[in-house]
Amino acid sequence: MEFPKGFLWGGAAAANQCEGAYLLDGKGYSVQDYLPHGIAEGLADNPDGFNLKHDGIDFYHRYKEDIALFAQMGFKTFRTSIAWSRIYPTGEESEPNEKGLRFYDSVIDELLKHGIEPVITLSHYEMPYALVDKYNGFSDRKLIALFVRFAETVFNRYKGKVKYYLTFNEINAALFFPIVSCGIKTPKEQLSMQQVYQALHHQFVASALTVKACREIDPQARVGCMVIGLPVYPMTPHPDDILVAMDKMRMNYTFFTDVMVNGAYPFYAQRFFDDHGISLDITQEDKEALKHTVDFISMSYYMSICESSKQSESVVANIVSGKKNPYLDASEWGWQIDPKGLRYLLNTMYEAYHVPLFIVENGLGAVDALIPDEGTFTVQDDYRIAYMNDHLVQIAQAIKDGVEVMGYTSWGCIDMVSASTCEMKKRYGFIYVDRNDDGSGTIERYKKKSFYWYKKVIETNGDILQEKKE
């Protein structure tokens, strides 16, 4: 397998899922403190009740130990987020929280000490809850300036240290779970499409103005967007299925990249808006702002879905549902496994935009069994190795096709709290963290079999990957 020189091998995490220390050193409540059972369950009344994310895996205190483990694997990059509520606890303070900034100073310096490039997500489902409560998140245009100010604080602080930023994690998740993506607390059943797309418009403007600010403050840095990458196949060759799949593919994710890469709403958006009674408040200033387009596209990829004009069995893909593909196997959580879908996704995205692509989330969530191993413990996770091998092979094929792929950061490179279900038993990492769903455990770290496999993948720049014989 051939990967380009300088390919960014690494792993990814999110502040709210790994850091813990949920109110320490001046941090304010985030939306995650009101989601103790995960994204799908909705808001709780009490932010101080039991919530695994309050302690996470204690990355806040163990980041040096964890980064040393990443360095042992040979990581070239590590993607994480800066929790907005650590820097501006309510989102509206006149000055940033210095203790929060010092924590990220330490994390970034530790990464650089080990030769690991930080990739910083500015908003990874972590909006200060005060902005949710006061403004209903990005429903209010005021959030644009508040987010850009937060981003400018980060850019000024880490100028010359951070080369890669992402604006909004999985921005298209707003269609499915608007509470985490854009901070809208209105119950989904009461939320109109007009409200969702107006909030999304505010996010698009905020993202574009963030790109503009970064170019002014730190011209050497590059800013990308981030979407759920979700190929949609027609269930059959019937023309109706073809058209349904096309519409789903457009409105599930290419609508978002069209705006953020091309700098304007795509041609097909107006019919969609007309058909659904959507009339957006778009100012001339907004249109000018959108012209500040991203440098690259980053994406999560876990699976593909099918779509049909007829009723058929559905499956969940990340946080998106679609029709079940009868030709694919599935994980323990029902996510269908489709490595070739990643090659297809990369090709279609590059064909459309001709900008660099970055896979910043991909991995297998599974129940791992910790077993004794020569005085310590490990996990024999051959299933994870097989999953990742097959996906990396398809990335190599896409590169051979001519696609420009910047790098690959495996999701949950260290076990942490699941975003969708807020549990520990759904593990993605190369590193096992001894914590359970009830909060028990030592929080000690143990290397899985996949730890040594991924180390070898990076050492050989992918040369040890094995293409499956059909």
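**Entry 1: Tyr454 and its partner**

I looked up Tyr454 and found it buried, with a relative accessible area of 0%. The model is predicted, and I read each entry here with that in mind. Tyr454 forms a stacked aromatic pair with Phe430. I noted 4.5 Å from centre to centre and 15° between the planes. The pair counts as stacked because planes under 30 degrees apart fall in that class.

I then checked where the two partners sit. Phe430 is in the loop between strand S14 (405–411) and strand S15 (431–433), while Tyr454 is in helix H14. They are 24 residues apart, and the pair links distant parts of the chain. Is Phe430 buried or exposed? Phe430 counts as buried, at 0% relative accessibility.

**Entry 2: Ser450, also in H14**

I went to Ser450 next, which has its place in helix H14. Ser450 has a relative accessible area of 0% and is therefore buried. Setting aside residues up to four places away in sequence, I listed what Ser450 touches: Asp381, Arg384, Ile385, Gly429 and Phe430. Phe430 is the residue I had already met as the stacked partner of Tyr454.

**Entry 3: H13 against H14**

I looked at how helix H14 (residues 449–459) packs with helix H13 (residues 382–401). The angle is about 25° and the axes are 9 Å apart. That angle makes H13 roughly parallel to H14, because angles under 35 degrees are counted that way. The crossing of the two helices is right-handed.

Which residues of H13 meet H14? I wrote down Asp382, Arg384, Ile385, Met388, Asn389 and Leu392 from H13. On the H14 side they meet Lys449, Ser450, Trp453, Tyr454 and Val457. Sorted by class, this contact has 6 nonpolar, 2 polar and 3 charged residues. Both Ser450 and Tyr454 from my earlier entries take part in this contact.

**Entry 4: Other aromatic pairs**

I asked how many aromatic pairs a search of the whole structure finds. The search gives 43. One of them is Phe70 with Phe75, which is stacked, at 5.1 Å centre to centre and 10° between the planes. Phe70 and Phe75 are both buried.

**Entry 5: H6 against H8**

I turned to helix H6 (residues 142–157) and helix H8 (residues 193–217). Their axes come within 9 Å and cross at roughly 30°. H6 is therefore roughly parallel to H8. I recorded the crossing as right-handed.

From H6, the contact uses Ile144, Phe147, Val148, Ala151, Glu152, Phe155 and Asn156. From H8, I listed His202, Val205, Ala206, Leu209, Thr210, Ala213, Cys214 and Ile217. The residues of this contact divide into 11 nonpolar, 3 polar and 1 charged.

**Entry 6: H9 against H12**

How do helix H9 (residues 239–262) and helix H12 (residues 339–353) cross? Their axes come within 11 Å and cross at roughly 40°. H9 and H12 are therefore oblique to each other. For roughly parallel, the angle would have to be under 35 degrees. H9 passes H12 in a right-handed crossing.

I noted Met249, Tyr253, Thr254, Thr257, Asp258, Val261 and Asn262 in H9 as the residues that meet H12. Their counterparts in H12 are Tyr344, Leu345, Thr348, Met349 and Tyr353. I sorted this contact into 7 nonpolar, 4 polar and 1 charged.

**Entry 7: Tyr29**

I found Tyr29 in the loop between helix H1 (15–18) and helix H2 (59–73). Tyr29 is partly exposed, with a relative accessible area of 27%. The value falls in that class because buried means under 20% and exposed over 50%.

Leaving out residues up to four places away in sequence, Tyr29 touches Tyr22, Leu23, Tyr34, Pro47, Asp48, Ser85, Pro89, Met127, Pro128 and Tyr129. I also looked up Ala83, which is 54 residues from Tyr29 along the chain. The C-alpha atoms of Tyr29 and Ala83 are separated by 10 Å.

**Entry 8: Pro118**

My last lookup was Pro118, in strand S3 (residues 117–123). Pro118 counts as buried, at 0% relative accessibility. Beyond its neighbours within four places in sequence, Pro118 is in contact with Thr77, Phe78, Ile108, Leu111, Leu112, Lys161, Val162, Lys163 and Tyr164. I also checked Pro118 against Ile458. They are 340 residues apart in sequence and 17 Å apart in space, C-alpha to C-alpha.

Note on methods:
Residues are numbered from 1 along each chain as its sequence is written. This is a predicted model: local features need pLDDT of at least 70, side-chain atom pairs count only at pLDDT 80 or more; totals for chains, interfaces and linings use all residues. Side-chain values use heavy atoms; hydrogens and water are left out. Axes are lines fitted to C-alpha atoms, for helices over the stretch in contact, and angles run from 0 to 180 degrees between N-to-C directions. Helices (H or I, at least four residues) and strands (E, at least two) are DSSP runs, numbered from the N terminus. Angles under 35 degrees count as roughly parallel, over 145 as roughly antiparallel, 65 to 115 as roughly perpendicular and the rest as oblique. A crossing is left-handed if the near helix is turned anticlockwise from the far one by less than a right angle, and right-handed if clockwise. Contact means heavy atoms within 4.5 Å. Ala, Val, Leu, Ile, Met, Phe, Trp, Tyr, Cys and Pro count as nonpolar, Asp, Glu, Lys and Arg as charged, and the others, Gly among them, as polar. Buried means under 20% relative accessible area, exposed over 50%, partly exposed in between (1.4 Å probe, protein chains only). Rings of Phe, Tyr and Trp (its six-membered ring) pair if their centres lie within 6.5 Å; planes under 30 degrees apart count as stacked, over 60 as edge-to-face and the rest as tilted.
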